[in-house]
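These are my notebook entries on a structure that is new to me, kept in the order in which I looked things up.

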Amino acid sequence: MEWDRVLLELLDVDPLPGEGDGERFLGRPPLAPSSPVYGGHLAAQALAAAGRTVPAGLDAHSAHGFFLRAALPGTPFVYRVERVRDSASFATRRVSALQQGQEVFALTASFHRPEAGLGHQDAMPSVPDPEVLPTYEERLSEAFGAVMQPLGTPYELRFAGPLSFDVEKDPSLVSDRTEVWVRAGARPPDDARLLHACLLVYVCDVVMLDTVLVRHGVSWLNASGWSVDYTVWLHGPLRADDWLLCALETPVASEGRGLVLGRVFTREGTRVATLAQEGLIRVRGPRGPG
């Protein structure tokens with residue numbers, strides 16, 4: 001499948017006639033009929049809709065999303081964008097994702113005109129380069145003792161540490177941190193900064209909650225999880241079709257919810273984003289070492 005074209009089409013939300021309640025955009029449903037709909041799909045489309053209403057020269061710097069209802073596969077989304085603030089330096093947008101008349105996702109996004117200022121960052125963790133790490137399918141093949149065919153996802157993953165399936169088999173691998181290289185399967189132009197931001201939001205959502213399972217020695221065979229909320233801060237330009245390292249940690253899990261914090265670096269070591277996600281995780285089988 002031509003993910004370069006297909007994924008960009010998914011993020012190219014189409015304007016709809018206004019109805020006096022803000023600007024509206026139509027978003028395509030996911031290609032794969034998964035239920036519930038992948039949360040990164042909603043977050044990325046909502047950010048794309050917000051960005052369509054912002055003047056040129058302002059870049060997305062934060063997006064805060066809340067998953068309100070399970071979205072249905074195969075049904076398009078209507079994104080209603082409210083202009084909360086417009087100034088010389090900032091623009092703020094509030095987005096409601098509607099499906100069959102119900103709000104399933106809400107996003108507040110902020111955009112900033114880059115300017116000179118102080119600068120610092122922490123160091124990127126030392127991990128092997130993505131080229132020397134096995135693919136996600138190869139890791140799954142090793143974990144299950146059977147050859148896994150390509151999953152047909154619009155992104156690539158290369159884990160530098162154990163998967164939750166590995167930790168469930170070997171509790172000595174338990175860790176509160178995971179590092180994974182991610183790369184989107186689409187290749188937008190260099191100057192399409194909004195699209196690269198949307199692709200980052202799309203891809204990173206898929207790797208977050210696994211960190212909680214690795215901490216407890218539980219795999220997705222014995223657990224299910226859903227995003228409750230998802231926040232991304234963008235610190236500068238990036239290319240989502242180049243390898244990016246997501247360094248993830250889980251500081252706390254309680255009352256059925258697990259929190260994951262993440263730092264995103266280019267392979268040259270520049271920190272380009274910070275992530276936070278809380279998810280609802282329900283364990284069906286053994287709960288691991290705790």
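Before using any element names I note that helices and strands here are DSSP runs, helices of at least four residues and strands of at least two, numbered from the N terminus. I also keep in mind that this is a predicted model.

Entry on the second largest pocket. I began here and found that this pocket holds about 570 Å³ of space. Its lining is made up of 25 residues, and those nearest its centre are Asp59, Ala60, His112, Pro114 and Arg193. Which element gives the largest share of this lining? I found that it is α5, with 4 residues, while β3, β6 and α5 are each a source of at least two. Sorted by class, the lining residues come out as 12 nonpolar, 7 polar and 6 charged.

Entry on helix α5. Since α5 had come up in the pocket, I looked at the helix itself, which covers residues 193-204. With 12 residues at 1.5 Å a residue, the helix should span 16 Å, and the 17 Å that I found between its end C-alpha atoms agrees with this. Is α5 mostly buried or exposed? Of its 12 residues 9 are buried, so the helix is largely enclosed by the rest of the structure. I wrote down the buried ones as His196, Ala197, Cys198, Leu199, Leu200, Val201, Tyr202, Val203 and Cys204.

Entry on the largest cavity. I next searched for enclosed space and found 1 cavity of 30 Å³ or more. The volume of the largest cavity is about 50 Å³, and its lining consists of Ala43, Leu47, Ala63, Gly65, Phe105, Leu107, Val201, Tyr230 and Val232. Two or more of the lining residues come from each of α2 (39-51), β3, β6 and β9 (223-234). I count the lining by class as 8 nonpolar residues and 1 polar residue, with no charged residues. Val201, which I had already listed among the buried residues of α5, appears in this lining too.

Entry on aromatic pairs. Phe105 of the cavity lining made me look at the rings, and a search of the whole structure gave 4 aromatic pairs. In one of them, the ring centres of Phe67 and Phe105 are 4.9 Å apart and the planes stand at 45 degrees, so I record the pair as tilted. This pair joins distant parts of the chain, with Phe67 in strand β3 (residues 59-67) and Phe105 in strand β6 (residues 102-112), 38 residues apart. Phe67 and Phe105 are both buried. Phe77 and Tyr79 make another tilted pair, with 6.2 Å from centre to centre and 45 degrees between the planes, and these two residues are buried as well.

Entry on positive phi values. I checked the backbone and noted that Gln100, although not a glycine, has a positive phi of about 55 degrees. Gln100 sits in the loop between β5 (90-99) and β6, and at 62% relative accessibility it counts as exposed. Glu255, also a residue other than glycine, has a positive phi near 55 degrees. Its place is the loop between β10 (244-254) and β11, and Glu255 counts as exposed at 71% relative accessibility.

Entry on Thr266. My last look was at strand β11 (residues 257-266), where Thr266 is found. Thr266 is buried because its relative accessibility of 14% is under 20%. Leaving aside residues up to four places away in sequence, I found that Thr266 touches Met124, Trp243, Leu244 and Val272.

How values were computed
Residues numbered from 1 in each chain as written. Predicted model: local features only at pLDDT ≥ 70, side-chain atom pairs only at ≥ 80, totals over all residues. Heavy atoms only, no water. Buried < 20%, exposed > 50% of the residue type's maximum accessible area, 1.4 Å probe, protein only. Contact = heavy atoms within 4.5 Å. Expected span 1.5 Å × (residues − 1). Phe/Tyr/Trp six-rings, centres within 6.5 Å; stacked < 30°, edge-to-face > 60°. 1 Å grid on protein atoms, 1.4 Å probe; cavity = no way out; pocket = protein on both sides within 12 Å on 5 of 7 lines; lining within 4 Å. Points joined across faces, edges and corners; volume = space filled by probe spheres on them. Nonpolar A, V, L, I, M, F, W, Y, C, P; charged D, E, K, R; others polar.
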